[in-house]
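Let's take a walk through this one together. Have the viewer open and follow along as we go from the surface inwards.

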Amino acid sequence: MLETSSSQNGFILQDKSGSSLLTSTLAGEEQKLLACIHCGLCLEACPTYVITGDENDGPRGRLYLMRAVGEGRLANDSPSFERHIDRCLGCRACEQVCPAGVEYGQLLEAARGELFQSGPERGFGYGVLRLVLKHVWLHPARLRFAFMAARLVRDSGMARVLRKSGLAKLLSSRLQFALALLESSARKTNLNGDSNEKRRLAKASTDASLRDDVFLFAGCVGAGLFSRVNEATVRVLEVNGFNVQILPEQVCCGALHAHAGDLEGARILARSNIAAFEHSDQNQRGAVVTNAGGCGAMLAAYAHLLTEDAEFAERARQFSARVRDISQQLETVPIRQAADVAGRPVTYDASCHLLYGQHAGEAPLKLLGALGGLKFAKLDGAERCCGGAGIYNLLEPELSALVLEEKLGSIRATGAKILTTGNPGCQMQIGAGALLSGMELAVSHPIELLDEAYARAGMYEEGVKSKK
């Protein structure tokens, strides 16, 4: 029989002999949990609830489960708690419609922190995830090697051969999808349908007084699989009057750790990034610019993540205040208009974390507005999750596939041949879905389209090829 007793940090579950079993981190989130007024407005905004119709697969039901754990009425290794918290995409669409302002994203990370502490043996997939997060992602050299190997598999054509041959599917449907994700990270085509991969060097401004320093957060997946997007980001920023620095000391943002519940791992990475950006910008004024919605939302959440860290709390708050998506940064200047880019029709899908985490709803559309003559098709449900959600697509493949199927159907209805979105995870998820369904669709970042248009306008000098 379980009883509860209070402690400085929250509730402690005890057995009838009085020995301590678990400490609930959710207990410290009591006020945030009580903010829910149970109105149900969040349900139709939740992709998993819409698909399953199960109250426990909606935000309101998950909040009930969190309260039960926080109050000690439910063990944090309960199968019901584990199942429904794991099935959450973490898209945070519920926050947008919640009249009570429930901070669901923060509560979800606390709930997954419970699972991370309570469930060291949660199956093979989660076991591998814990191993990789601890022994690869926290070690930059190992992580760089892992992405180098991934690029080799992708660029050699091995991923495509294994997928097309059917061997990967025969071994595992998850392996098949993982290879499709990797394959979809490669550059496909530009607006005109060709595959020009030349790296360009932005023509530098001669008026140094007009150039503000900004710092590009490269990201681990960004640097490892999407360096072409980072290069395009630098070029576009320079053409629009910014002096861009990329700090070699920066590390992964910690989003994968936080989403998996390894909050201490996320804090280790957060402290490293804060220290790195402080050291290179002593005045701490330069914007930290990202081109990945997931990274940006995580960087902006450092203030919350380290709120109880006496040394880093205020430093984290100052750092998070500097974080901007590339589209938000370009809003701070009169963005240079691009040449007439009339080509194949384009549609835009919003990254959940860019939309709900960084609150950049209109900025990416304004960026696309700088493309003269763009054939733009509005995507119904652009604000809904694509089902990627980090590595949710590999851990919860069945539910992820249903969410993705809805997204692909909406994209087909637009007639667009190019989809643009501001997060590498979304690019890979939608790209993989298109590959496996035989759909003719190129997926890119909005900044890649603007970069291409600037090249057409003669703003760049051509250089060597970029393959990442």
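Start with helix H10, residues 167-171, which is the biggest giver to a nonpolar patch, with three residues. Keep in mind that you're looking at a predicted model. The patch sits on the surface and is formed by Leu167, Leu170, Leu171 and Leu175, which together have about 410 Å² of accessible area. Pick out Leu170, which lies in helix H10. Leu170 has a relative accessible area of 70%, and that makes it exposed because the cut-off for exposed is over 50%.

Now head for the aromatics. The structure holds six aromatic pairs. One of them is formed by Trp137 and Phe147, with 5.9 Å from centre to centre and 70° between the planes. Why those two values? A pair of aromatic rings is described by the distance of the centres and the angle of the planes. An angle over 60 degrees counts as edge-to-face, and edge-to-face is indeed what Trp137 and Phe147 are. Trp137 belongs to helix H7 (residues 124-137) and Phe147 to helix H8 (residues 140-155), so the pair ties together parts that are 10 residues apart in sequence. Unlike the exposed Leu170, both Trp137 and Phe147 are buried. Elsewhere, Phe215, Phe217, Phe277, Tyr302 and Phe319 form one aromatic cluster.

What about the cysteines? A disulfide needs a pair of cysteine sulfur atoms within 2.5 Å, and by this rule the count comes to zero. Take Cys252: the nearest cysteine sulfur is that of Cys220, 3.7 Å away, and Cys252 is in no disulfide. Cys252 is also buried, at 6% relative accessibility. Cys352 tells a similar story, being in no disulfide, with the sulfur of Cys385 as the nearest cysteine sulfur at 3.9 Å. Cys352 is buried too, with a relative accessible area of 6%.

Last stop: His38. Where does His38 lie? You'll find His38 in the loop between helix H1 (30-34) and helix H2 (47-52). At 33% relative accessibility, His38 counts as partly exposed, because that class runs between the cut-offs of 20% and 50%. Which residues does His38 touch, leaving out those up to four places away in sequence? The answer is Arg60 and Tyr64. You can also relate His38 to Cys98: the two are 60 residues apart in sequence, and their C-alpha atoms are 9.8 Å apart in space.

Methods. Residues are numbered from 1 along each chain as its sequence is written. This is a predicted model: local features need pLDDT of at least 70, side-chain atom pairs count only at pLDDT 80 or more; totals for chains, interfaces and linings use all residues. Side-chain values use heavy atoms; hydrogens and water are left out. Buried means under 20% relative accessible area, exposed over 50%, partly exposed in between (1.4 Å probe, protein chains only). Helices (H or I, at least four residues) and strands (E, at least two) are DSSP runs, numbered from the N terminus. Contact means heavy atoms within 4.5 Å. Patches are made of residues with over 30% relative accessible area and no salt bridge: like charges are joined within 9 Å, nonpolar side chains (Val, Leu, Ile, Met, Phe, Trp, Tyr) within 5 Å. Accessible areas come from the Shrake-Rupley method with a 1.4 Å probe; for residues, only the protein chains shown count as cover. A salt bridge is a side-chain nitrogen of Lys or Arg within 4 Å of a carboxyl oxygen of Asp or Glu. Rings of Phe, Tyr and Trp (its six-membered ring) pair if their centres lie within 6.5 Å; planes under 30 degrees apart count as stacked, over 60 as edge-to-face and the rest as tilted.
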